[in-house]
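Reader: Got a minute to walk me through this one? I'd like to start with the cysteines and then poke at the helix packing.

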Amino acid sequence: MTSATHAASSAEPQLQAGEKKKKLRAPAMRYPFWFGGSASSLAACVTHPLDLTGDPKSMSGTFVHVVKNDGPLGLYSGISASLLRQLTYSTARFGIYEEIKQRYIRSHGGKQPSFPALIAMAVSSGFVGGVAGNFADVINVRMQHDAALPPAERRNYKHAVDGMIRIAKEEGALTWFRGWLPNSCRAAVMTAGQLATYDTFKRLLLDYTPMGDTLMTHFSASFLAGLAAATATSPIDVIKTRVMSTSHKQGILHLVRDINRAEGIRWMFKGWVPSFLRLGPHTICTFIFLEMHRKVYRKVKGVDEKMV
């Protein structure tokens with residue numbers, strides 16, 4: 001065997017490995033715009049009881065109390081507002097993010113965007129999604145916190161649409177946009193913490209571990225994305241919830257100053273554990289459902305299953 005033949009034969013396995021790696025990282029096909037909203041809505045159906053029960057210290061007690069007094073369906077009180085939020089907020093942010101990402105890939109000859117580029121895409125799409133879903137978020141926050149209010153102060157919205165109508169009649173339609181700035185900033189940070197980090201973690205797992213494009217990879221990447229998102233959004237979550245749950249107007253800077261005076265700097269991450277207990281499972285479920293959507297869509301279209 002000549003040296004040239006030997007070199008060619010030894011290079012063949014390396015070429016095949018390179019082709020396999022390139023195939024795993026091939027640009028994804030364009031998926032329907034609504035996949036993100038659909039996946040997030042399915043995830044909300046799974047994790048809604050966690051949002052309802054809240055603080056982990058009293059979670060089991062709240063869980064038992066709700067089931068005892070309202071039955072198992074009581075755990076899904078306010079689910080209509082949660083679904084409306086996902087169908088607006090998540091559809092917008094996922095759809096815009098994927099569209100921007102695909103345009104970047106096509107304009108750069110199939111090159112995957114860097115992590116900073118993904119962050120920029122996610123922040124932009126998340127902010128727009130936050131504005132689009134703000135009215136649903138106001139209703140969602142109020143319906144989730146209604147049970148914690150004294151009976152005389154409860155709003156008792158029948159469902160999300162009833163909440164929209166009553167807010168407009170009783171407080172004015174502009175109330176739909178109450179807290180839109182912290183909510184949109186939170187959505188921007190949330191989307192960066194979820195979508196950009198998920199894509200990055202998934203790519204790293206595929207490239208540098210023996211893991212393939214499997215459920216375990218999707219679970220691992222989404223778990224890490226959930227940790228990142230919970231940490232990044234914890235301070236904004238505190239502000240957003242307090243602004244939206246109040247019935248009177250208060251400036252954000254004034255609110256932050258009052259919280260800081262009363263609770264110290266620790267308020268920023270005071271709710272990290274309950275935040276992750278809600279956000280972590282929802283993030284995991286969202287991306288697992290999203291990957292299922294994609295897998296079925298690729299199968300219907302007859303696309304190679306190894307494309308990601």
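Reader: So how many disulfides are there?
Author: The count comes to zero disulfides, taking a disulfide as a pair of cysteine sulfur atoms within 2.5 Å. Keep in mind that this is a predicted model, where local features need pLDDT of at least 70, side-chain atom pairs count only at pLDDT 80 or more, and totals for chains, interfaces and linings use all residues. Residues are numbered from 1 along each chain as its sequence is written, and side-chain values use heavy atoms, with hydrogens and water left out.

Reader: Are Cys45 and Cys285 buried or partly exposed?
Author: Cys45 is partly exposed at 32% relative accessible area, while Cys285 is buried at 17%. The cut-offs are under 20% relative accessible area for buried, over 50% for exposed, and partly exposed in between, with a 1.4 Å probe and protein chains only.

Reader: Ok, zooming out. How many helices and strands are in the chain?
Author: The protein chain has eleven helices and zero strands. Those are DSSP runs numbered from the N terminus, with helices being H or I of at least four residues and strands being E of at least two. Along the sequence the pattern reads α-α-α-α-α-α-α-α-α-α-α.

Reader: And what share of the residues is buried?
Author: Of the 308 residues in the protein chain, 44% are buried. On the contact side, take the pairs with a separation of 6 or more: 78% of those contacts are between residues 24 or more positions apart. Contact here means heavy atoms within 4.5 Å.

Reader: Now packing. At what angle do H4 and H8 cross?
Author: Roughly 55°, with the axes of H4 (residues 79-107) and H8 (residues 180-208) coming within 11 Å. Axes are lines fitted to C-alpha atoms, for helices over the stretch in contact, and angles run from 0 to 180 degrees between N-to-C directions. H4 and H8 are therefore oblique to each other; under 35 degrees counts as roughly parallel, over 145 as roughly antiparallel, 65 to 115 as roughly perpendicular, and the rest as oblique.

Reader: Which hand is the crossing of H4 and H8?
Author: H4 passes H8 in a right-handed crossing. Right-handed means the near helix is turned clockwise from the far one by less than a right angle, left-handed anticlockwise. The H4 side of the contact includes Arg85, Tyr89 and Arg93, and the H8 side includes Arg186, Met190 and Asp199.

Reader: What's the class mix there?
Author: The contact of H4 with H8 has seven nonpolar, two polar and five charged residues. Ala, Val, Leu, Ile, Met, Phe, Trp, Tyr, Cys and Pro count as nonpolar, Asp, Glu, Lys and Arg as charged, and the others, Gly among them, as polar.

Reader: What about H8 against H11?
Author: H8 and H11 (residues 272-301) pack at about 55°, with their axes 12 Å apart. That makes H8 oblique to H11, and H8 passes H11 in a right-handed crossing. Met190, Gln194, Leu195, Tyr198 and Lys202 of H8 meet Leu279, Thr283, Phe287, Glu291 and Arg294 of H11. By class, the residues of that contact are five nonpolar, two polar and three charged.

Reader: Glu291 caught my eye. Is Glu291 buried or exposed?
Author: Glu291, in helix H11, is buried, with a relative accessible area of 4%. Not counting residues up to four places away in sequence, Glu291 touches Tyr198, Lys202 and His218. Glu291 and Gly36 are 255 residues apart in sequence, yet their C-alpha atoms are 9.9 Å apart.

Reader: Back to H8. How far apart are the axes of H5 and H8?
Author: They are 7 Å apart, and H5 and H8 pack at an angle of about 145°. The crossing of H5 and H8 is right-handed, and the residues of the contact divide into 14 nonpolar, eight polar and two charged.

Reader: Where does Ala132 sit?
Author: Ala132 is in helix H5 (residues 115-132) and is partly exposed at 34%. Leaving aside its neighbours within four places in sequence, Ala132 is in contact with Thr88 and Ala92. The C-alpha atoms of Ala132 and Trp180 are separated by 9.4 Å.

Reader: Last one: what's the phi of Asn156?
Author: Near 55°, a positive value in a residue other than glycine. Asn156 is in the loop between H6 (134-145) and H7 (160-171), and is partly exposed at 48% relative accessibility.
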